[in-house]
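I sat down with a structure I had not looked at before and kept notes as I went. Here is what I had on screen.

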There are 2 protein chains.
Amino acid sequence: MSSETSSDLLPLIRRLEDVAPLTADEKQVLLNLPMYVREVGAGQDIIREGDRPSQCCLLLNGFAQRFKLLGDGRRQIMSFHIAGDMPDLLSLHLKVMDHSLATVSPSRLGFIAHQHLRRLIQQHPRISDALWRDTLVDAAVFREWMVGIGRRSAYARIAHLVCELVTRMEIAGLAQDKSINIPLTQGLIADALGLSTVHVNRIIQALRADKLVVWRGKGLTVTDWEGLKRAGEFDPGYLHLGYAGAA
Amino acid sequence: MSSETSSDLLPLIRRLEDVAPLTADEKQVLLNLPMYVREVGAGQDIIREGDRPSQCCLLLNGFAQRFKLLGDGRRQIMSFHIAGDMPDLLSLHLKVMDHSLATVSPSRLGFIAHQHLRRLIQQHPRISDALWRDTLVDAAVFREWMVGIGRRSAYARIAHLVCELVTRMEIAGLAQDKSINIPLTQGLIADALGLSTVHVNRIIQALRADKLVVWRGKGLTVTDWEGLKRAGEFDPGYLHLGYAGAA
DNA sequence: CGCCTATTTGATCTGATTCAAACAATGTGG
DNA sequence: CCACATTGTTTGAATCAGATCAAATAGGCG
């Protein structure tokens, strides 16, 4: 059942090493983490609000979203996740999920039991710190999104989101020359930024007209990085990039 | 210089014990934490975006805000803090502050050096877990605010904020009969909820007209708790209350 | 090919902003 | 204790960014 391959855990190791390199021993412990791997299709729930998970999910590849549903069907997406992310690491310390996670595109997921993660953080304080730090960076992203939703124009919000996705995917080795592949529909972007689908469509057309991006379907290329950063007031400080972001 | 009194740390201990009681030993270690106490006036910065703090701040009493300033003076407030909160605990793992903290009302602040906190979490895993958990609850509050700013009406947003403040202050022993003292101006509320001051004023008048609250200056009494919760779609799950919230 | 989902366009509406000014409360110094 | 300054609240009118409703077009994909 517990089918894992060493390569599956490499994205996580890379992530944790962003701040401080791990020792050979620490890396080995991570590689030996028992993990159950599952492939799931697009739009599948990973965990739902109210669940009490006994394991954490590591996104091995694909794309996932964190969201809450309101009574009347409105939805707020709170973050997007890519390979190497552990979007529900928080379940290690918060028993009940206060939101849901779902795949956006077909994805490969690794599940690691809480008991193994608890042992890991008890015995390896530096890994524990790196994981804690990772949850703090998540929180920093939430804060930055709050600023956008609360105080920035739709134009700036979309520009900012594109900057963030390109930056994060570059670090994960998923971008080349400011070009990325994102499975996001305009409806998803609307729900992430507190806008309507129609308005997102119109603003994207404006970004295209302003020659900031070429964006067709899943293919997105930033053609004017400086211009896009300016439009989105994007300052990557909140991503707290370590070595990886220094390049 | 290091003037501390044992009573100063009690709010923090109460907070950490929300999930699991601490041992006598653990409590003693916390009480012995070297802390420098300072009284500051209203509207004073505690730390600024870009700072690299070497200590964490524990709010002993008063009221504080977490915020970011944008280029043209717009401001987004990301959380409010009360006694027992450690709003910059994240600085233990994130070197550079990505936002600022300031007092809202005159406050008593305790400062604890990172080195002491690091020793604490190395030697007391259960305290470490409780502190980590605390930062995760902060993040949960950010997420809930995102939902409000992104998808709820101004009326619901303000109702929700009042519900949250009353709930949190009740747990901290700062409320009686759904009555609290908050030093928030309508301008601060606007900057927290992504609204304009004028609109906040009009909506508060509507809440009063609907007999949900009596709110005059710093004195706020919820006169219809169920009605206010309904109006704000308030479900306290995201606060992840433990024993304290069970009452 | 045909179905389903996404994108695009147009027209209309509205929640919330902005600007401007009056008013109330609080605090300060003489 | 009052005059004055400062900050916060309230009101009104005009405007706008973005939502909503409705329908047409365009992609993907089995």
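My entries below go from the ground rules to the domains, the chain pairing and the DNA.

**Ground rules.** I'm working with a predicted model, where local features need pLDDT of at least 70, side-chain atom pairs count only at pLDDT 80 or more, and totals for chains, interfaces and linings use all residues. I number residues from 1 along each chain as its sequence is written, with chains lettered from A and ligands numbered from 1 in the order in which they are written.

**Domains of chain A.** I looked up the split first: domain 1 covers 6–142 and domain 2 covers 154–246 of chain A (the bounds come from an automatic or database domain assignment). Their C-alpha centres are 23 Å apart. I found 17 residues of domain 1 in contact with 16 residues of domain 2 in chain A (contact means C-beta atoms, placed from the backbone, within 7 Å). On the domain 1 side, β5 (75–81) and α4 (125–151) of chain A each bring at least two residues, and β5(A) gives the most, with four. Helices here are DSSP runs of H or I with at least four residues, strands are runs of E with at least two, and both are numbered from the N terminus. That side of domain 1 has eleven nonpolar, four polar and two charged residues. For the classes, Ala, Val, Leu, Ile, Met, Phe, Trp, Tyr, Cys and Pro are nonpolar, Asp, Glu, Lys and Arg are charged, and the others, Gly among them, are polar.

**Chain A against chain B.** Next I checked the pairing: 35 residues of chain A touch 35 residues of chain B. On the chain A side, β5 and α4 turn up again as the elements giving two or more residues. The largest share there is 17 residues, from α4(A). By class I get 16 nonpolar, ten polar and nine charged residues.

**DNA strand C.** Which residues come closest to strand C? I noted A:Gln186, B:Ala154, B:Ser196, B:Val198 and B:His199, out of 16 around the strand (near means a C-beta atom, placed from the backbone, within 6 Å). α7(A) supplies the largest share of this surface, six residues. The classes come to five nonpolar, ten polar and one charged.

**DNA strand D.** Here 15 residues surround the strand, with A:Ser196, A:Val198, A:His199, B:Thr185 and B:Gln186 nearest. I see α7 (197–209) of chain A plus α6 (186–193) and α7 (197–209) of chain B each supplying at least two residues. α7(B) gives the most, five residues. I count five nonpolar, ten polar and no charged residues near strand D.

Notes. Contact = placed C-beta atoms within 7 Å.
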